[in-house]
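Thank you for making time for this today. I would like to walk you through one chain, beginning with its overall layout and then turning to single residues.

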Amino acid sequence: MDTWKAGKDVMDKMIALLGKYHPDLADISKEIAVVFREKAQQKSGRVLFAATKKAPPSLPVLTDDKYKYKFIIEIGADSWSQLDDKQPLALLDHHLRSMFGTEVDN
């Protein structure tokens, strides 16, 4: 199954949400990866539009990025493409909110 980094348009939406609603996360904005997978995952017969997880400690070894990712938001591209104008922002916002209270080593 194909997986790829989100484009500038999605990252711009995330940065705007951070600035407006999540200033506590603004310091780690470059450490939040947003990736798409070809198809959304399912759990108990329900479609999971996206999932947020802490980045594994081994990730920096596997990437050439200059940032050490702390969180990964993984979005199902098939579900994302069916969202209306407001739903992408709501989905990203929901997953940014899930990062609150999660301990992150700086």
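What follows is a tour of the fold, the cores, the salt bridges and two individual residues.

Please keep in mind from the start that this is a predicted model. The chain contains four helices and six strands, and, if you follow it from the N terminus, the elements come in the order β-α-β-β-β-β-α-β-α-α. Of its 106 residues, 37% count as buried. As for how the chain folds back on itself, residues 24 or more positions apart account for 72% of the contacts with a separation of 6 or more.

Let me turn to the sheet. Four of the strands form an open sheet, in the order S1-S2-S6-S5, and the pairing within this sheet is mixed. Strand S1, residues 3–5, and strand S5, residues 50–54, are the edge strands, each of them pairing on one side only. On average, and ignoring direction, neighbouring strands of this sheet are turned by 25° against each other. Between S2 and S6, which run parallel, there are six bridges, and if you would like one example to look for, Ala33 has Ile72 in S6 as its bridge partner.

Next, the nonpolar interior. The largest nonpolar core has 21 residues, and the members that touch the most other members are Ile32, Ile75, Trp80 and Leu96. At least two residues of this core come from each of H1, S2, S6, helix H3 (77–80) and H4, with H1 giving the largest share, which is four residues. Trp80 deserves a look of its own: leaving aside residues up to four places away in sequence, Trp80 touches Val10, Phe36, Ile75, Pro88, Leu91 and Leu92. There is also a second, separate core of six residues, and among its members are Ala33, Leu59, Tyr69 and Ile72. Two of those names, Ala33 and Ile72, you have just heard as bridge partners.

Now to the charged side chains. How many salt bridges does the structure hold? The number is five, and I will go through three of them.

In one of these, the side chains of Glu31 and Lys70 meet at 3.4 Å, N to O. This pair links distant parts of the chain, since Glu31 sits in the loop between helix H1 (8–21) and strand S2 (32–37), whereas Lys70 sits in the loop between helix H2 (59–62) and strand S6 (71–76), 39 residues apart. Are these two residues buried or exposed? Glu31 counts as buried because its relative accessibility is 19%, which is under the 20% cut-off, and Lys70, at 12%, counts as buried as well.

Another salt bridge joins Arg37 and Glu74, whose closest N and O atoms are 3.2 Å apart. Here too the pair links distant parts of the chain, with Arg37 in strand S2 and Glu74 in strand S6, 37 residues apart. Arg37 is buried, with a relative accessible area of 19%, and Glu74 is buried at 13% relative accessibility. Arg37 and Glu74 also belong, together with Lys53, to a network of salt bridges.

The third one I want to show lies within a helix: the side chains of Arg97 and Asp93 meet at 2.9 Å, N to O. Because Arg97 and Asp93 are four residues apart in helix H4, about one helical turn separates them. Arg97 is partly exposed, with a relative accessible area of 48%, whereas Asp93 counts as buried at 14% relative accessibility.

Helix H4, which spans residues 87–97, also holds His95, and this residue counts as buried because its relative accessibility is 8%. What does the side chain of His95 make a polar contact with? The partner is the side chain of Thr52, at 2.7 Å. Not counting residues up to four places away in sequence, His95 touches Ala50, Ala51, Thr52 and Ile73.

I will finish with Ser44, which is found in the loop between strand S3 (41–43) and strand S4 (46–48). The phi of Ser44 is near 50°, a positive value in a residue other than glycine. Ser44 counts as exposed because its relative accessibility is 75%, which is over the 50% cut-off.

Definitions and conventions. Residues are numbered from 1 along each chain as its sequence is written. This is a predicted model: local features need pLDDT of at least 70, side-chain atom pairs count only at pLDDT 80 or more; totals for chains, interfaces and linings use all residues. Side-chain values use heavy atoms; hydrogens and water are left out. Buried means under 20% relative accessible area, exposed over 50%, partly exposed in between (1.4 Å probe, protein chains only). A polar contact is a pair of N or O atoms within 3.5 Å; within protein, one must be able to donate a hydrogen and the other to accept it, and residues adjacent in sequence count only if both atoms are side-chain atoms. Contact means heavy atoms within 4.5 Å. A salt bridge is a side-chain nitrogen of Lys or Arg within 4 Å of a carboxyl oxygen of Asp or Glu. A nonpolar core is a set of buried Ala, Val, Leu, Ile, Met, Phe, Trp, Tyr and Cys residues joined through side-chain atoms within 4.5 Å. Two strands pair if DSSP finds at least two bridges between them. Axes are lines fitted to C-alpha atoms, for helices over the stretch in contact, and angles run from 0 to 180 degrees between N-to-C directions.
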